[in-house]
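The following exercises are to be worked with the sequence and the model side by side. Each task is followed by a solution in steps.

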Amino acid sequence: MRKVKTGGGWPALLYTFRKGREAGGIWQLWKAMRTKNACKTCALGMGGQRGGMVNEAGHFPEVCKKSLQAMVADMQGAITPDFWAKYGPDELRGLSPRELENCGRLTQPVLYTPALKRFQPISWEDAFHRIVGKLRELTPDETFWYFSGRSSNEAGFLLQMFARLYGTNNVNNCSFYCHQASGVGLTSVTGSGTATVTLDDVEKSDMVFVIGGNPASNHPRIMRSLMTLRRRGGEVIVINPIVETGLVNFSVPSDVRSMLFGTKIASLYVQPHIGGDLALLTGISKQIVEMGAHDLPFLENYCNNWDELRDWLASVTWEEIIAKSGVPREQINEIAARYAKSKNAVFSWTMGITHHVHGVENVQAIGNLALLRGMVGKPNAGLMPIRGHSNVQGIGSVGVTPKLKDVLFDRLQSHFGVKLPTTEGRDTMACMNGADNGELKFGLCLGGNLYGSNPDSTYAQQAIEKLDMLVYMSTTLNTGHAFGLAKETIILPVLARDEEPQATTQESMFNFVRLSDGGPARHAGPKSEVEVIASIASGVADGRRAAANGSNGAHSNGDATPGQSPGLGDPTGLTAVNWQSMQDTGQIRDAIAAIVPGFEQIAEIDKNKQEFQVGGRTFHQASFPTYNGRANLHTHRLPEIQGQGERELRLMTIRSEGQFNTVVYEDYDLYRGVERRDVILIHPDDIRRLGVHQGMTVAVHGPAGTLRNVRLHPFEEIRPGNAAMYYPEANVLVSRHLDPSSKTPAFKCVIVRLEVEGLALA
């Protein structure tokens with residue numbers, strides 16, 4: 001297909017009308033989009049009490065394909081009972097991610113076992129009976145609890161509290177496979193793991209770095225801010241191995257001038273090798289110091305380790321920097337010269353930075369570069385990870401991490417009068433390993449696609465199949481429901497955010513907490529997330545009370561035998577909480593306000609409708625929550641450039657503009673001119689070097705596995721020596737090699753080899 005010359009624009013407008021028809025009409029879609037609910041897709045924080053399609057600064061309309069796609073998916077018709085008779089696991093595995101998403105809304109609990117050989121509808125009562133019974137059989141540390149970033153703060157807080165009072169810290173969220181390196185890296189720099197800026201700061205900056213990301217496809221609404229910056233004469237410096245169409249030119253649909261003439265986004269576009277970011281960032285820092293453009297008083301008064309950084313930058317040679325980044329000295333000098341002129345620079349990045357075995361070091365290097373010129377700790381400048389899921393940051397804020405922060409741990413114990421476990425919890429990959437080796441037997445997934453988000457898909461399927469039970473709380477089908485099947489798998493249908501019967505809250509990547517009003521359910525059958533969690537927790541607590549009273553609790557929870565770790569009595573305090581009362585999201589918010597620092601205002605948010613910024617995270621002054629109030633600078637060892645063998649390529653997994661995380665809405669990629677997803681994007685020079693031909697299919701061999709019948713897609717926009725394939729389909733190639741600091745898998749810089757298979761058929 002023909003690649004468009006600009007992002008957004010008229011194709012986006014036409015797409016809106018198409019999605020409107022799918023939703024039953026433009027008016028129906030308009031009404032759904034305008035409800036007072038936070039957007040269901042990325043973490044830019046649209047919607048809330050200012051109404052749908054309104055950003056935190058109050059600008060309207062702010063809408064993108066991602067939010068339309070998610071809304072229309074939730075407006076689908078219901079999956080009917082006869083569907084399950086037609087589609088067993090084998091049939092579901094034959095469907096693409098897009099086809100699974102389009103099967104319809106889940107409206108009734110279903111059960112799969114190998115004996116049944118397919119999913120079978122069951123009642124909610126039966127589903128709860130099975131789940132509660134299994135949890136009473138097991139010791140707590142035989143379980144794990146996985147959270148998506150699309151759920152509410154209330155559901156996230158309630159489930160992590162239940163898991164801990166049940167007795168385990170095996171509590172983790174999807175950020176371990178995306179932005180965990182950002183949180184760890186930022187905490188090591190500023191003492192806080194989130195963005196240091198507000199949306200208003202971005203709007204008033206004079207330079208934005210976009211490093212290792214493609215917001216034109218994945219976070220389109222930030223493009224308005226970049227458009228505004230460019231019109232004010234500011235600069236956008238893009239660092240990406242692929243020249244992305246939307247980062248070169250973008251036509252913002254809500255702006256007439258931009259729609260008619262387009263907006264040039266990148267003022268400078270630099271293409272390092274995949275894996276060369278750390279060397280490039282080090283080179284820019286070295287040049288800034290050699291130019292004398294660094295802010296020496298700031299470094300001496302507000303930063304730790306300046307002497308070490310200065311000496312290390314002096315010791316790193318330009319030959320090493322150029323060889324390991326793949327960027328010539330002239331381009332590095334040009335970046336530094338432009339940055340030196342900036343008065344207020346914002347540094348943004350996404351998973352092109354975090355998806356490496358040195359992801360945390362990449363983030364620290366960005367921190368170095370910002371701190372060298374005092375661009376953290378003042379208005380209109382700072383650090384900004386562009387997060388994906390709409391509430392992944394909020395989920396982390398309310399305690400969804402293996403180890404609670406000390407203040408949350410102490411306050412949670414004192415608020416409820418309970419004792420929390422102190423065992424070391426498992427990160428997401430550690431949970432997969434525990435499932436594979438038999439140490440873990442039960443998992444519960446609050447949304448998301450645990451299978452689809454994992455590297456080494458073959459291993460992920462193998463590990464999940466060894467679990468006794470896996471419970472999914474979902475709105476629609478995904479590849480996890482086809483491939484991620486335990487010995488007993490239960491899918492529980494839950495309500496979408498705008499269908500919740502009570503108000504819920506979400507936190508944006510700018511630390512802004514928004515209130516979602518909820519709304520009427522579109523289908524009979526699904527339950528709210530907090531109702532499901534409270535019901536399961538109540539059932540398990542009843543079992544513990546019965547055990548303490550010398551009964552087996554059969555009257556409420558079946559014939560399960562209490563496990564050894566819960567024991568007689570209730571050592572952790574699960575029975576101290578009235579779980580049925582915790583179906584009230586207002587009560588949950590009262591607890592969050594009392595326990596989570598910076599969230600005090602959340603207790604009244606449903607009454608006064610006042611959305612708020614979380615305190616202590618935005619740094620407009622050079623005072624940081626570190627041990628001595630100073631920011632930290634870091635030194636590193638620059639990694640070697642990999643994949644330089646004669647038959648090798650450096651591969652990165654990518655998303656298309658027609659998908660959101662693991663969810664695929666369209667098989668084509670409009671911005672890159674790619675019609676299908678079973679392709680490898682490769683520079684024509686590499687096609688010639690490897691002796692392959694565009695008309696061939698190839699087997700792509702990676703460190704974890706092989707993907708066959710892959711089509712070659714010549715792509716001049718990628719740096720030679722590098723290649724790209726679509727996530728999650730290419731996950732089968734990706735090893736389980738992790739960044740040691742954040743436990744984030746290296747979905748980027750995967751070294752692959754191509755083997756010719758045959759001719760591609762139309």
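**Exercise 1. Determine whether C103 is buried, partly exposed or exposed, and why C103 and C749 form no disulfide.**

Step 1. C103 has a relative accessible area of 21%. Buried means under 20% relative accessible area, exposed means over 50%, and partly exposed lies in between, with a 1.4 Å probe and protein chains only. C103 is therefore partly exposed.

Step 2. This is a predicted model, in which local features need pLDDT of at least 70 and side-chain atom pairs count only at pLDDT 80 or more, while totals for chains, interfaces and linings use all residues. Residues are numbered from 1 along each chain as its sequence is written, and side-chain values use heavy atoms, with hydrogens and water left out.

Step 3. A disulfide is a pair of cysteine sulfur atoms within 2.5 Å. The closest cysteine sulfur to that of C103 belongs to C445 and lies 19 Å away, which is too far for a bond.

Step 4. C749 counts as buried, at 15% relative accessibility. Its sulfur is 19 Å from the closest cysteine sulfur, that of C178, so the distance is again too far for a bond. The structure as a whole holds zero disulfides.

**Exercise 2. Establish which residues of helix α9 are buried and what covers them.**

Step 1. Helices (H or I, at least four residues) and strands (E, at least two) are DSSP runs, numbered from the N terminus. Helix α9 comprises residues 180-190, and nine of its 11 residues are buried, so the helix is largely enclosed by the rest of the structure.

Step 2. The buried positions are Q180, A181, S182, G183, G185, L186, S188, V189 and T190.

Step 3. The cover over these residues includes the strands β12 (345-349), β13 (382-385) and β20 (631-632), together with the helices α20 (351-354) and α21 (359-372).

Step 4. Just after α9, G191 takes a positive phi of about 90°.

**Exercise 3. Describe the surroundings of helix α26 and of the residue D456.**

Step 1. Helix α26 spans residues 457-465, and its buried residues are S457, Y459, A460, Q461, A463 and I464.

Step 2. These buried residues pack against α5 (89-93), α24 (428-436), α25 (450-453), β15 (469-474) and α27 (479-483).

Step 3. D456 lies in the loop between α25 and α26. D456 has a positive phi of about 50° although it is not a glycine, and it counts as buried at 8% relative accessibility.

**Exercise 4. Identify where the backbone has a cis peptide bond or a positive phi at N380.**

Step 1. Most residues other than glycine have a negative phi, and most peptide bonds are trans.

Step 2. The peptide bond from F60 to P61 is cis, with omega near -5°. P61 is located in the loop between α2 (26-33) and α3 (65-74).

Step 3. The bond from Y727 to P728 is also cis, with omega near 10°. P728 is found in the loop between β27 (722-726) and β28 (750-759).

Step 4. N380 is not a glycine, yet has a positive phi of about 70°. N380 sits in the loop between α21 and β13 and is buried, with a relative accessible area of 17%.

**Exercise 5. Which residues is S217 in contact with, beyond its neighbours within four places in sequence?**

Step 1. S217 lies in helix α11 (residues 215-218) and is buried, with a relative accessible area of 2%.

Step 2. Contact means heavy atoms within 4.5 Å. Leaving aside neighbours within four places in sequence, S217 is in contact with K66, E657 and Y671.

Step 3. E755 is 538 residues from S217 along the chain, and the C-alpha atoms of the two are separated by 31 Å.

**Exercise 6. Assess the overall form of the protein.**

Step 1. The protein has 32 helices and 28 strands. Its C-alpha trace spans about 75 × 65 × 50 Å along the principal axes.

Step 2. The radius of gyration is taken over C-alpha atoms, and the globule rule is 2.2 Å times the number of residues to the power 0.38. For 762 residues a compact globule would have a radius near 27 Å; the protein has 25 Å, which agrees.

Step 3. Of the 762 residues, 65% are buried. Among contacts between residues at least 6 apart in sequence, 78% join residues at least 24 apart.
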